[in-house]
Amino acid sequence: MLANEQVGIGRLAVASSGPAFHALVDGETATMKAWEDFVSGSRRENLPVRDVVIRSWARCQSFLVDARADAAPVVGSDLVEALRRDNRDLLQAAATTLAEAANLLAGTRTVMLITDANGVVLEAAGDRATMNAARDISLACGGQWGETCAGTNGIGTALASKQPVLVQSAEHYCAGIKGWSCAGAPIHDPVDGSVVGLLDISGLKQSFSGQALALAVVAARQVEWNLARQTEAEHVRLLEACLEDSQKYAGEGLIALDARGRLLFASRKAATLLKASLGSELPPLNRGTKLPLVGLDGGTGGRLPVPSDWVRPLMLDGERRGTLLVIPGSASSRPSAGRRAVPDESDHSRCRFADIVGASDSLRAVIGQGERLAPLPVPILIEGETGVGKELFARAIHGHSAVAGGPFVPFNCGAVSREMLGSELFGYVRGAFTGAAAEGRIGRFELADGGTLCLDEIGELPLDLQPYLLRVLEEGVLYRIGDNVPRRVSVRLLAMTNRNLRQEVAAGRFRRDLYHRLAVTALRVPPLRERHGDVPRLISHFNGVLAERHGRAPVCFTAAALDLLQGHDWPGNVRELRNVVERAILLSTGGTVDVRDLPDELRDACGGVEAGGWPSPYPAVAGPAMPNPAPAGAAPMSLTVTEQRTIEDVIAATGGNLSDAAAVLGISRSTLYRKLSQHGIQRGAVRRG
C-alpha cells in the first residue's frame, strides 16, 4: 500500500544520512506503523503517537475521511471571492505579515497561509517553488483544510482543538499529504475572542523546522494586534456615525451594532424600551455583547424579533458596516400603533414619487415623465440645479422600476479624487496600486449588481475614464483595476448633473457617444423659483417633519416672514429652504418666526423686506433677534475670525446645545468639536456670555 511505499523511501534515506537524521526517520517510521495499525483497525491503544494526533485521527475516522486521499478538496473561484470579501478585515490585518513572509521565507522551502474560520485558504505567501509544489495537494487559495475535508493537518487540527498545533509528516491522516509538515495557530477576534481564522506555516518534511510553530504563533499574534487596531478604528467611526444620527431621534432608544451584531452603544432608554417592546429579558447591554435579535439582514438565528422599521444601516465608505436600532419611545410612537415614523432624508426605503412634495404644474409634469420612464430598462439623465431634489427622483425611479428589489447605490463622482475615481467605480484587485487594500475592493458597479447605480455629478467624470463607463453600459462587463478577469454586471444606470452636458460636449470635456448613451431619456427637475405655489407646501412639510425629528413643536411664521420666503429666488432651491426652516425650528424661543429671525443673507437678497401681503394663519409675535452684523464702516474681519464669531453666535443662540448648533451650521458634531478646539472656543464661556 502507499503507506508501505513511503516507509521504504524513508529507510533508503536513512542509509545515506547522519545520526541525527537517522533518529528523526526512526520516529517517523514508528508513527507510520502506528497510523497503519490505526487505519486498519488492528491496534488502537498505546500507540507511540501524541495525544493531539490520536484524538484527531479518531475524529477523522468518525468523519469518514478517506485515508488514501492525496489532496484537499477545492472550492470554486466564485466562492473563494465571496469568502475573501466576507473576511476582508482579516486579510487586511494579515497583509503586512504576509508581505514580510514573502521575503522572510524565500529559499526556506516553506509557505505561510491565511485561512478562514473553517479552514479554507484565502491567501498564501513564501517560497515560490514551494508554493508551486503546494498546489499539487491544494495547499493554495480555495483549498479546504478542515479536518472533515483533509483529515489531520496543521490547519484543521488547530481549528478543531482551538490551539496552536504542529503536525509532522507521518502524523497526517491522509496518505498523500504525509510528505509535508505544518504548524497552525488560530487567529482570535479582539472583541469576543472567537476564532476568525488561522495562520499556517507549511513545508516539505525534509526541510521543515520544528521552530515553525513558534513562528506561526508570533505571526498570528501580530495579525490579531493589527485586527484589534482596525476594529477599534472602525468602531470609533461607527460611533461617530451613530452620534451624528442621534439628533434625529430625540426621545427614542438607540442601539448601535457593528457588522457582526455586537453592541457598540446603547442609550439609557434603550434597554427599558426594548424590554417593553419585545416583552423579553435581555442580557446586560455591555459593549461587545452579541444581542440575540431576529431580523437583522434577514437573519433568523436570534430569539427576539426586531421590526424592520427599527433598523437603520450605519454606512462607512459607501458600505454597510453596522446597524442602528431606533426603538420607539412609547407604544403610541410605534408604527404598529398608527403613527407614521419620521422619514429620514437619506432613507433608502423612500423610493416613491408620492414622497416628492409639491403640486405645481412644472413639478407634476416631471413626475409624470418619471413614472412613465421608470419601468423602462434604459439609462436616464436627471438634470437640474443644485438642491432641486434630483436624488429624490432617482430613488423614486428605482422604486418604480423592474429592479426595485435590488440595491440602490448612490455615488458622487465629484466627491473623490481623480486618481481614486476609477477604483471606486470599478473596484481593484490585490496589489493594483500603492496604498490599495491588501484584499482588493469591490466597486460601485458590482455593489449595484441587480439594482440601480445613481451617479451624481456625472460631468466630473474625467475624459480618460469615460470610455470604460461606456463599455460597461454597452456590454455589461467590467474589469477591476489590475485584473484581466471579466465580470458581468446587470445595472440600471441613473446619471445626475447640474451642468449643461451639451455644452460640455461642445467644449470637448465630455464624450459625445457617452452623452447620447446616458441621455437615452432625460428629465429636467425644475428649480424652486419655477414651482409656483410649492414654497408654502414645502414650508409646511419641513415644519412638521423637522420639528418631530428634533423633538420640538412646529413654529409659526408671521405673514411678513412667509411673504419674504415666498418672494425669495432660492438659488439653493429646496435644500436651501429646508435649511432655513430647520434653523428657524432650532433657534425659535417664542414659537413664532418673524422677518428678523430669518438669515441675514436671505433678508439682504430680498431687499430687506419687512412686511408683506401674504395672509398667515398665525398671529404675528416678536421673535428672538439674531446677532447683529458688523456696523457700517467697520474694518473687514478675516475669514478665520468670521468663522469663530459665527460659531460662538450659534452656540449662544442654541443655549450651548452642540447638536443643535451643528445642525444650524450644517456640519457634523465631530467637525464642530474640531473647530471649537481649533479656535479655542469654550462652550461654557459662550453660553454664559
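**Exercise 1. Cysteines**

How many disulfides does the structure hold? Work through C174 and C141 as examples.

*Solution.* The model is predicted.

Step 1. Recall the bond. A disulfide is a covalent bond between the sulfur atoms of two cysteines.

Step 2. Fix the cut-off. Two cysteine sulfur atoms must lie within 2.5 Å to count as a disulfide.

Step 3. Test C174. The nearest cysteine sulfur belongs to C60 and is 6.9 Å away. C174 is in no disulfide.

Step 4. Give the total. The structure holds 0 disulfides.

Step 5. Check the surroundings. C174 has a relative accessible area of 2% and is buried. C141 has a relative accessible area of 40% and is partly exposed.

**Exercise 2. The open sheet**

Determine the strand order of the open sheet of 5 strands, then find its edges and a helix that packs on it.

*Solution.*

Step 1. Write the order: β13-β14-β17-β12-β18, with parallel pairing.

Step 2. Find the edges. β13 (408-412) and β18 (521-524) each have a single partner strand, so one side of each lacks a neighbour in the sheet.

Step 3. Look at the twist. On average, neighbouring strands of this sheet are turned by 20° against each other, direction ignored.

Step 4. Inspect one pair. β12 (residues 380-383) and β17 (residues 492-497) run parallel and are joined by 4 bridges. In this pair, E383 of β12 stands opposite T497 in β17.

Step 5. Add the helix. α11 (residues 361-373) packs on the sheet and touches β12, β17 and β18. The direction of α11 makes about 155° with that of β18.

**Exercise 3. A hairpin**

Describe how β6 and β7 pair, and find the residue with a positive phi in their hairpin.

*Solution.*

Step 1. Locate the strands. β6 covers residues 253-258 and β7 covers residues 263-266.

Step 2. Set the direction. The two strands run antiparallel, joined by 3 bridges.

Step 3. Pick a facing pair. A256 stands opposite F265 in β7.

Step 4. Go to the turn. The hairpin has 4 residues between the strands. G261 takes a positive phi near 75°.

**Exercise 4. The whole chain**

Summarise the secondary structure, burial, contacts and surface of the chain.

*Solution.*

Step 1. Count the elements. The chain has 25 helices and 20 strands.

Step 2. Assess burial. Of its 689 residues, 47% count as buried.

Step 3. Sort the contacts. Take those between residues at least 6 apart in sequence: 67% of them join residues at least 24 apart.

Step 4. Turn to the surface. The chain exposes about 32100 Å². Carbon and sulfur atoms supply 51% of that area.

Technical notes: Residues numbered from 1 in each chain as written. Predicted model: local features only at pLDDT ≥ 70, side-chain atom pairs only at ≥ 80, totals over all residues. Heavy atoms only, no water. Pairing = 2+ DSSP bridges. Axes fitted to C-alpha atoms, helices over the stretch in contact; angles between N-to-C directions. Contact = heavy atoms within 4.5 Å. Buried < 20%, exposed > 50% of the residue type's maximum accessible area, 1.4 Å probe, protein only. Areas by Shrake-Rupley, 256 points an atom, 1.4 Å probe, with all protein chains shown as cover.
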